[in-house]
2 protein chains.
Amino acid sequence: MRIGELASQAGVSVRSLRYYEERGLLSSTRSASGQRRYTDDEVERVRFIQRLYAAGLSSRTIAELLPCVDSPSERNDDEGFERLTQERERIDRHIEELCETREALDRLIDANRAHRAQLAGGSPA
Amino acid sequence: MRIGELASQAGVSVRSLRYYEERGLLSSTRSASGQRRYTDDEVERVRFIQRLYAAGLSSRTIAELLPCVDSPSERNDDEGFERLTQERERIDRHIEELCETREALDRLIDANRAHRAQLAGGSPA
DNA sequence: CTAGAACCTGACATTGACGTCAGAGGCAAG
DNA sequence: CTTGCCTCTGACGTCAATGTCAGGTTCTAG
């Protein structure tokens, strides 16, 4: 499949795919004329990359742990494995923090709702 | 308290505090000579702003919902309240996604650990 | 009074993941 | 063979939060 097809299937821009390749996150074979060709598997790979971006990882970090994804057995890639566990912990802490923030917002929402209800009740219609 | 003091208490840079003021997230009184003065309350406010930044809100969005924080009763600020609930939902979805990503990483970690254990067992010492 | 720290404004620099444009070539349909 | 869409490389633009620097004022300690 060509780059436009992969882009639409994975839901990213063509620009992003070229950027991923530049950053070493994605590889492609080239046709005789130099156009990138991808296998169906790459769709999932791109979605996974997107997922990692959404979790706050940088392209550099993603590049470091992808070998661990591609060949968990090849050689025991200590660097990648370290990164993998580090990022797992980071995400864990981030979730914790987000939950606290969500609670703070919930309290604010409740407080505001109470005041609004009061106003509505105080001067109806 | 002056800006340097607030910065160190809240754990942010002086530059950031000036930026927050510029963006309407923080206000200050000025001394006769024009230096910013803050009350103790501002420490908590700055920490809360940081929390919102960490949750992925932009300064613009934060500015839109802060009125709702400052005066939940004043006038029923529909704009701010809307923003508040929107961001609450966004954070909720983000947490969901992060949890899924964490699970994906856990599976990867397990797979890698298994392979590493195998290697260790297969050729010991 | 004076040195040095802290403050002021204003402006330019940075970083990352892209968007966008230019100029050129590739490919399927008519 | 042409039309039109897709692709290529390379380069510059963007945006947001913040770093950093310059040139000047203010405050504090001795």
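Of the 20 residues around DNA strand D, those that come nearest are Gly4(A), Arg36(A), Ser13(B), Tyr19(B) and Ser59(B); a residue is near a strand if one of its heavy atoms lies within 4 Å of it. Keep in mind that this is a predicted model, where local features need pLDDT of at least 70, side-chain atom pairs count only at pLDDT 80 or more, and totals for chains, interfaces and linings use all residues. Residues are numbered from 1 along each chain as its sequence is written, chains are lettered from A and ligands numbered from 1 in the order in which they are written, and side-chain values use heavy atoms, with hydrogens and water left out.

**Meeting the DNA**

- Sugar or phosphate accounts for 77% of the atoms of DNA strand D within 4 Å of the protein, and bases supply the rest.
- From chain A, a polar backbone atom of Gly4(A) is 2.6 Å from a phosphate oxygen of DNA strand D.
- Arg36(A) uses its side chain instead: a polar atom there lies 2.8 Å from a phosphate oxygen of the strand.
- Chain B joins in through Ser59(B), with a polar backbone atom 2.7 Å from a phosphate oxygen of DNA strand D.

**Two copies**

- A turn of 180° and a shift of 0.0 Å along the axis lay chain A on chain B with an RMSD of 0.1 Å (superposed by least squares on the C-alpha atoms of residues with pLDDT of at least 70 in both).
- The two copies are thus related as by a two-fold rotation axis.
- Ile95(A) is the residue of chain A that comes closest to this axis, its C-alpha being at 3.0 Å.
- Both copies use the same surface, as 100% of the contact residues of chain A recur in chain B (contact means heavy atoms within 4.5 Å).

**Two domains in chain A**

- Chain A is assigned domain 1 (1–54) and domain 2 (61–125), with bounds from an automatic or database domain assignment.
- The contact takes 7 residues from domain 1 of chain A and 6 residues from domain 2 of chain A.
- Between them the two domains bury about 530 Å², 78% of it on carbon and sulfur atoms (buried area is the accessible area, with a 1.4 Å probe, that two parts lose on being put together, summed over both).
- In domain 1 of chain A, Leu25(A), Arg45(A) and Leu52(A) lose the most area to domain 2 of chain A, together 65% of what that side buries.

**A charged link**

- How many salt bridges does the rule find across the interface of domain 1 and domain 2 of chain A? It finds 1, where a salt bridge is a side-chain nitrogen of Lys or Arg within 4 Å of a carboxyl oxygen of Asp or Glu.
- Asp70(A) forms a salt bridge with Arg45(A), with the closest N and O atoms 2.6 Å apart.

Conventions. Polar contact = N/O pair within 3.5 Å; in protein donor to acceptor, adjacent residues only side chain to side chain.
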